[in-house]
Amino acid sequence: MLQNVILFFKSKAAQVLPKGLSLTVRTQKHYKFVTLSMYICKNVQALTAYTPGEQPKLQGVIKLNTNENPYPPSPKVAAALRDFDCARLRLYPDPNFAVLRQRIAELHGCAPARVFIGNGSDEILALCTRAFVENDGSVGYFVPSYSLYPVLADIRGVEKRPVLINNDFTWRMTENYQASVFFMTNPNAPTSMIFDKGKVSAFCGAFNGVVLIDEAYVDFADSDCMDLALRVGNSNTLVMRTLSKSFSLAGLRFGYVVGPEELINALYKIKDSYNMDMLAQVVGMAALEDIPYMRGNVRRIQATRGRLAVALVQRGWRVCASQTNFIFARPPDGDAARVFAALKDSKIYVRYFPGEMTGEYLRITVGTDEQTEALLAQPVMNQG
Ligand SMILES: Cc1ncc(COP(=O)(O)O)c(C=O)c1O
């Protein structure tokens, strides 16, 4: 009987109550209203979630909006998938990915104990906010840079300490700056420019917290900072890479970080037991065994990048000096929102970041030569 009354009340309540408000019946006489949001942590309620670039379902789109590689992964990756024995999936994967650690250690000339691998580098960033930031600590990052960093601070409910770089997107650091962890995209995104290595190195040496140099795009650059993570006496600098861009494996989810053993151990302590699934380990290994193939694609993308930059400059665009697989460029009249919308109407997707420093620019992923020609042929790319 009581059960029936409860169901009656609940179904009536569902008809009349606003979304998110529910009625809990405790007895036939006493009942109370609850909002469903009261079950959700306050910082999660208040959170503005990270917005990944659009993955359009439309056919025939030229997709230059999420810095994916236009070329397929290595044939060794395809072979590894083809030869994979499905029966192996009965078993859990190696929780500490020993073979992969060894391979990455070999690539960078360091001990495997200095390598941690994550389910995409985004997972590594999230783990860093848990391992290196106390509840009263803070997360630092440049503005503009990768817009996930402030969201990770909000998820942890800790203070954000953004540092505005110069208007020309070059290095600027606040004096006596402090934070528990500083995330530095280098080369930077969405600006595409690389920071002066001397400044990065001096900052790491002087900073009183953990610095993570996010080298998601570094294979497209002329220099890198891996040596800072490996130098003798370093106790605070991590360098992170991903297979999502240069290795054409964004769909796989594979990032790794190199640095002092103690910091790396802290990440192992808090990770999910099996954060790298068996397929990711097998396929990631195949990709990391074919560095020449990756380098070949990088050279092709760099060449297309050069041609795209020249074409845009000739049309009066301001083009940042790119060290990445994308270009950050301002149309002649600065009306990037208009160009973005017109391109989208023509099924060419690029990325637009509204805001004071970035609102006059578009971030355009370097695609194939054919995609680049199609982009440049758009009337909106010739006006302004
Ligand atoms: C600067 C930066 N860091 C990290 C990532 C995330 O990489 P992953 O695919 O390895 O999670 C991205 C992705 O676009 C990025 O731009």
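## Exercises on a predicted model

Of the 13 residues around the ligand, those that come nearest are Gly120, Ser121, Asp122, Thr242 and Ser244; a residue is near a molecule if its C-beta atom, placed from the backbone, lies within 6 Å of it. Residues are numbered from 1 along each chain as its sequence is written. This is a predicted model, in which local features need pLDDT of at least 70, side-chain atom pairs count only at pLDDT 80 or more, and totals for chains, interfaces and linings use all residues.

**Exercise 1.** Determine how the residues of the shell around the ligand divide into nonpolar, polar and charged.

*Solution.* Step one is to fix the classes: Ala, Val, Leu, Ile, Met, Phe, Trp, Tyr, Cys and Pro count as nonpolar, Asp, Glu, Lys and Arg as charged, and the others, Gly among them, as polar. Step two is to apply them to the shell, which gives four nonpolar, seven polar and two charged residues.

**Exercise 2.** Describe the chain as a whole: its helices and strands, its span and its share of buried residues.

*Solution.* Begin with the secondary structure. The chain has 13 helices and 15 strands; helices (H or I, at least four residues) and strands (E, at least two) are DSSP runs, numbered from the N terminus. Next, take the span: the C-alpha trace covers about 75 × 55 × 55 Å along its principal axes. Then consider burial. A residue is buried if 20 or more other C-beta atoms lie within 10 Å of its own, exposed if 12 or fewer, and partly exposed in between, with C-beta atoms placed from the backbone. Of the 384 residues in the chain, 38% are buried.

**Exercise 3.** Locate the largest nonpolar core and explain why it lies between two domains.

*Solution.* A nonpolar core is a set of buried Ala, Val, Leu, Ile, Met, Phe, Trp, Tyr and Cys residues joined through C-beta atoms within 7 Å. The largest one has 88 residues, and those with the most contacts inside it are Val139, Val181, Phe183, Leu212, Leu238 and Val239. Helix α10 (residues 278–288) supplies the largest share, five residues. Domain 2 (62–70 + 292–382) and domain 3 (91–290) both give residues to this core, so it lies between them; the domain bounds come from an automatic or database domain assignment.

Now examine α10 itself. Its buried residues include Ala280, Val283, Gly284, Ala286, Ala287 and Leu288. Among the elements that cover the buried residues of α10 are α3 (75–83) and α4 (98–108).

Finally, take one core residue. Two residues are in contact if their C-beta atoms, placed from the backbone, lie within 7 Å. Leaving aside residues up to four places away in sequence, Leu238 touches Val210, Leu212, Ala229, Val257, Val258, Gly259 and Leu263.

**Exercise 4.** State which strands form the open sheet that contains β12, and which of them stand at the edges.

*Solution.* The sheet consists of four strands in the order β11-β12-β15-β14, with antiparallel pairing; two strands pair if DSSP finds at least two bridges between them. β11 (318–319) and β14 (351–352) stand at the edges with a single partner strand each, so one side of each is left without a neighbour in the sheet. Strand β12 (residues 326–330) is joined to strand β15 (residues 362–365) by four bridges. Within this pair, Phe328 stands opposite Arg363 in β15.

**Exercise 5.** Describe strand β4 and its pairing with β10.

*Solution.* From β4 (residues 115–118), Val115 and Ile117 point one way and Phe116 and Gly118 the other way, and all are buried. Four bridges pair β4 with strand β10 (residues 255–258) in the antiparallel sense. Gly118 has Gly255 as its bridge partner in β10.

**Exercise 6.** Find the cis peptide bonds at Pro144 and Pro190, and place each proline in the chain.

*Solution.* The bond from Val143 to Pro144 is cis, with omega near 0°, and Pro144 is in the loop between β5 (138–143) and α6 (148–156). The bond that joins Ala189 and Pro190 is also cis, with omega about 10°. Pro190 belongs to the loop between β7 and α7 (197–206).

**Exercise 7.** Are Asn176 and Lys347 exposed or partly exposed, and in which loops are they found?

*Solution.* Asn176 is found in the loop between β6 and β7, and its phi is near 50°, a positive value in a residue other than glycine. Asn176 is exposed because 7 other C-beta atoms lie within 10 Å. Lys347 is found in the loop between α12 (336–345) and β13 (348–349), with phi near 65°, again positive in a residue other than glycine. Lys347 is partly exposed because 14 other C-beta atoms lie within 10 Å.
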